Amino acid sequence: MADYSDTHSISHEAILSSGGGFTAFSFGRYNIRFRAPYSLERYVDVVKWDDGYLVVRAKYSHNTEPEEEYIDLKPILDGLYIDSASFLKPIKSVRVAYA
């Protein structure tokens, strides 16, 4: 079983961001990028993290107010041949961050 956590860090927090038409989910030494909705401007905050399932507030170009959005990471990870159970297990929280 692969160890997806960063052994040099004790953080159990993942980072969600977006840019260039992609969503980025970063944890440990991994930065997983996947296509974002075409009108996504940015993620505002994470409402809920539930073992690979995210409820977030996102700002879209067609709406002045942020909307609730849902991201299921398990099929994305499986499509990348990453063992989702092992990858997600050490993650206790997710926050939105931009450089």
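**Exercise 1.** In which loop is the place of Asp51? Then classify its exposure and examine its phi.

*Solution.*
Step 1. This is a predicted model. Asp51 sits in the loop between β4 (40-50) and β5 (53-60).
Step 2. The relative accessible area of Asp51 is 41%. Exposed means over 50% and buried means under 20%, so Asp51 is partly exposed.
Step 3. Asp51 is not a glycine, yet its phi is positive, about 50°. Most residues other than glycine have a negative phi.

**Exercise 2.** Locate Tyr81 and decide whether it is buried or exposed. Then give the sign of its phi.

*Solution.*
Step 1. The loop between α1 (73-79) and α2 (84-88) holds Tyr81.
Step 2. Tyr81 has a relative accessible area of 78%. The cut-off for exposed is over 50%, so Tyr81 is exposed.
Step 3. The phi of Tyr81 is positive, near 60°, and the residue is not a glycine.

**Exercise 3.** Place Thr23 in its element, classify its exposure, and list its contacts.

*Solution.*
Step 1. Thr23 belongs to strand β2, residues 22-27.
Step 2. Its relative accessibility is 0%. Buried means under 20%, so Thr23 counts as buried.
Step 3. Leave out residues up to four places away in sequence. Thr23 then touches Leu16, Ser17, Ser18, Ile32, Arg33, Phe34, Ala36, Leu40 and Tyr43.
Step 4. Look at the side chains of Thr23 and Tyr43. A polar contact of 2.6 Å joins them. The cut-off is within 3.5 Å.

How values were computed:
Residues are numbered from 1 along each chain as its sequence is written. This is a predicted model: local features need pLDDT of at least 70, side-chain atom pairs count only at pLDDT 80 or more; totals for chains, interfaces and linings use all residues. Side-chain values use heavy atoms; hydrogens and water are left out. Helices (H or I, at least four residues) and strands (E, at least two) are DSSP runs, numbered from the N terminus. Buried means under 20% relative accessible area, exposed over 50%, partly exposed in between (1.4 Å probe, protein chains only). A polar contact is a pair of N or O atoms within 3.5 Å; within protein, one must be able to donate a hydrogen and the other to accept it, and residues adjacent in sequence count only if both atoms are side-chain atoms. Contact means heavy atoms within 4.5 Å.
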